Amino acid sequence: MSITELLSSVNSFIWGPPLLILLSGVGLYFTFRLGFIQIFQLPRALSYLFRKEKGAQNGKGDVSAFAALSTALAATIGTGNIVGVATAVQAGGPGAIFWMWLVALFGMATKYAECLLAVKYRIIDKRGFIAGGPMYYIERGLGIKWLAKMFAVCGILVAFFGIGTFPQVQAITHAMQDSFHIPVEIMAPIITLLVAAIILGGIKRISSVAAIVVPFMAVLYVATSIIIIVLNWQQVPAAVSLIIESAFNPQSALGGALGYTVMKAIQSGVARGIFSNESGLGSAPIAAAAAQTKEPARQGLISMTGTFLDTLIVCTMTGVVIVLTGAWQAPEAGAAVTNLAFSKGLGTAAGGTIVTLGLLFFAFTTILGWCYYGERCFVYLAGVKGVKFYRFIFIVLVGCGAFIHLETIWILADIVNGLMAFPNLVALIGLRKVVFEETRHYFQRLSIAHRDADD
């Protein structure tokens, strides 16, 4: 048995029914108990992105709430939105996109809960910086220190071998080689040096870069997708119908095509959806904890918009374009599929260039965001003295990422993602009453404030 086959077996076990049920179950539970907060409070949550919280500067926090969200989005909007969607559709058929939507909808409630807890249980470390995330609410809220350490170890593994390095570097270097003929051997050290220059500046430098790059590239990418959809509007109804039908009956929807099953569509959609938006993984709470805010629930609302923007907007754009252009049936793999889809959709090679630029910036900021996540996990385990050692290892792994086989990278990323999710989901279940109480008190205060303002 080869290493890839062995990893595939491990991956199938981890991403089997138990984890899928746990992820969807936690999302469903919080969705119903919080009264579909991700739907009814979404307008309020989006408005918070452009409104400063009164007195927030007097509260704890290293960066603004928007900068904290940008850091989280930097880590989530990356190869999962461009390469991950393409691999999901090719592996599980167009129906995988439907399961991406579903896991994102429920994942918004999960993201709200975990980011609320991150602010609730955060602390100030020995250097005067905010420290927070699942490892802190597991230890301080649940009182289970070994589980907190397990999460931290998994977080470092994801930063080193999962979302944080290999898939992103691989995507950047090979996309630049395919589109602009820049050899991987040249691009890899350039990316490594740029990453080193930024991450040595810590969270403030990472968040400042993310707050500029992420919104700009997201708007450009989505705008291009909308143009393609408008230009090919006749194919849109058929594409949406194919996505929904093949989610439940792929053999019928795809004309009896072999290899596509409902379970494969669910596994591909859920795994790639989680890879993209990270709801339930416990990564976004690490960034949310650094926000300047006095209200845990308010930051939870802001953070849940990350899943909405990442999957229900950006991933949807990618998926619909890939399906309506028929690019998902092409022999190409990874980013080349999305490049082909955008080029066919626009009728010009410029579409592929936009995808490449989007991939370049999205993947680069994902590396930065995950370096920060892994660093906070490392500090939790080893203290601040080991930060330089962690950053050195991270930079070395960034430099190596371009030269590892693509299939092995995605399987390894899925494995460590799944391992990271387990302790966080256990904590969310254990601290559910804290989430409900904080939410109830927050909206009671809002109601009183509005009543007083009317008087």
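Is Cys315 buried or exposed? At 2% relative accessibility, Cys315 counts as buried. The legends below return to this cysteine and visit several other spots in what is a predicted model.

**Figure 1. The whole protein is built from 22 helices and two strands.** Let us start with the overall picture before zooming in. Along the principal axes, the C-alpha atoms fill a box of roughly 60 × 50 × 40 Å. The radius of gyration is 21 Å, which agrees with the value near 23 Å that a compact globule of 455 residues would have. Of those 455 residues, 60% count as buried. Among contacts between residues at least 6 apart in sequence, 84% join residues at least 24 apart.

**Figure 2. Helix H2 packs against helix H7 at an angle of about 80°.** H2 covers residues 17-33 and H7 covers residues 95-120, and their axes lie 7 Å apart. The angle makes H2 roughly perpendicular to H7. On the H2 side, the contact is made by Val26, Gly27, Leu28, Phe30 and Thr31. Facing them from H7 are Phe106, Ala109, Thr110 and Ala113. Sorted by class, this contact has six nonpolar residues, three polar ones and no charged residues.

**Figure 3. Two buried cysteines, Cys315 and Cys377, without a disulfide.** The count of disulfides in the model comes to zero. Cys315 is in no disulfide, and the nearest cysteine sulfur, that of Cys115, is 18 Å away. For Cys377, the closest cysteine sulfur belongs to Cys154 at 9.1 Å, which is too far for a bond because a disulfide needs the two sulfur atoms within 2.5 Å. With 1% relative accessibility, Cys377 counts as buried.

**Figure 4. Ala247 sits in helix H13 and is buried.** H13 runs over residues 236-248, and the relative accessible area of Ala247 is 0%. Which residues does Ala247 touch, not counting those up to four places away in sequence? They are Gly95, Phe98, Trp99 and Val262. For a sense of scale, Ala247 and Ala175 are 72 residues apart in sequence and 30 Å apart in space, C-alpha to C-alpha.

**Figure 5. Thr192 in helix H11 touches residues far along the chain numbering, including Ile395.** H11 spans residues 184-199. Leaving out residues up to four places away in sequence, Thr192 touches Ile395, Val398 and Gly399. Thr192 counts as buried, because its relative accessibility of 13% is under the 20% cut-off.

**Figure 6. Phe36 and His181 each have a positive phi without being glycine.** Here are two loop residues worth a look at the backbone. Phe36 has a phi near 55° and is placed in the loop between H2 and helix H3 (37-40). Its relative accessible area is 30%, so Phe36 is partly exposed. His181 has a phi of about 60° and is found in the loop between helix H10 (166-180) and H11. How does His181 count, as buried or exposed? At 65% relative accessibility, His181 counts as exposed.

How values were computed. Residues numbered from 1 in each chain as written. Predicted model: local features only at pLDDT ≥ 70, side-chain atom pairs only at ≥ 80, totals over all residues. Heavy atoms only, no water. Axes fitted to C-alpha atoms, helices over the stretch in contact; angles between N-to-C directions. Helix = DSSP H or I, 4+ residues; strand = E, 2+ residues; numbered from the N terminus. Parallel < 35°, antiparallel > 145°, perpendicular 65-115°, else oblique. Contact = heavy atoms within 4.5 Å. Nonpolar A, V, L, I, M, F, W, Y, C, P; charged D, E, K, R; others polar. Buried < 20%, exposed > 50% of the residue type's maximum accessible area, 1.4 Å probe, protein only. Rg over C-alpha atoms; globule rule 2.2 N^0.38 Å.
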